[in-house]
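Work through the exercises below with the structure open beside you, and try each task before you read its solution.

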Amino acid sequence: IKNLDINITEASLSKLLSRFGQIQCMKINKKQVGGQLAAFAYVAFINADSAEHALHDLNGNELQGSKI
């Protein structure tokens, strides 16, 4: 998931994503991009259908002020 707010926590992201299915693992990373800190996450669901459903429903939506 790209373009996350830099203050996002695993707990808040997990709360949002868990409605789509059981999460196997999640890792939030932050790095400097063009002089600004950017956040993104790797998320794996137990079931591939859950991942597809999350991608379809959340793509382009706003989360904590950032369009994901």
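The exercises that follow concern a predicted model, and each task comes with a worked solution.

**Exercise 1.** Describe how strand 1 and strand 2 are paired.

*Solution.* Begin with the two elements themselves: strand 1 covers residues 23–33, and strand 2 covers residues 36–45. The two strands run antiparallel and are joined by 10 bridges. To place one strand against the other, find Ile28, which stands opposite Ala41 in strand 2. Finally, look at the hairpin that the strands form, where two residues lie between them and Gly34 takes a positive phi near 60°.

**Exercise 2.** Classify the arrangement of the rings of Phe40 and Tyr42, and then decide whether Tyr42 is buried or exposed.

*Solution.* The ring centres of Phe40 and Tyr42 are 5.7 Å apart, and rings pair if their centres lie within 6.5 Å. Next, consider the planes, which stand at 85°; because planes over 60 degrees apart count as edge-to-face, the pair is edge-to-face. The count of aromatic pairs comes to one. For the last step, Tyr42 has a relative accessibility of 53% and therefore counts as exposed, since the cut-off for exposed is over 50%.

**Exercise 3.** Characterise the largest pocket and its lining.

*Solution.* The space in the largest pocket comes to about 290 Å³. Its lining has 13 residues, of which Ile1, Ala51, Ala54, Leu55 and Leu58 are the closest to the centre. Turning to the elements, strand 2 and helix 2, the latter spanning residues 48–58, each supply at least two lining residues. Sorted by character, the lining holds 11 nonpolar residues, one polar and one charged.

Conventions
Residues are numbered from 1 along each chain as its sequence is written. This is a predicted model: local features need pLDDT of at least 70, side-chain atom pairs count only at pLDDT 80 or more; totals for chains, interfaces and linings use all residues. Side-chain values use heavy atoms; hydrogens and water are left out. On a 1 Å grid over the protein atoms alone, a cavity is a set of points where a 1.4 Å probe fits but cannot get out, and a pocket is an open set with protein on both sides within 12 Å along at least five of seven lines; lining residues have an atom within 4 Å of a point. Grid points are joined across faces, edges and corners, and a volume is the space filled by probe spheres set on the points. Helices (H or I, at least four residues) and strands (E, at least two) are DSSP runs, numbered from the N terminus. Ala, Val, Leu, Ile, Met, Phe, Trp, Tyr, Cys and Pro count as nonpolar, Asp, Glu, Lys and Arg as charged, and the others, Gly among them, as polar. Two strands pair if DSSP finds at least two bridges between them. Rings of Phe, Tyr and Trp (its six-membered ring) pair if their centres lie within 6.5 Å; planes under 30 degrees apart count as stacked, over 60 as edge-to-face and the rest as tilted. Buried means under 20% relative accessible area, exposed over 50%, partly exposed in between (1.4 Å probe, protein chains only).
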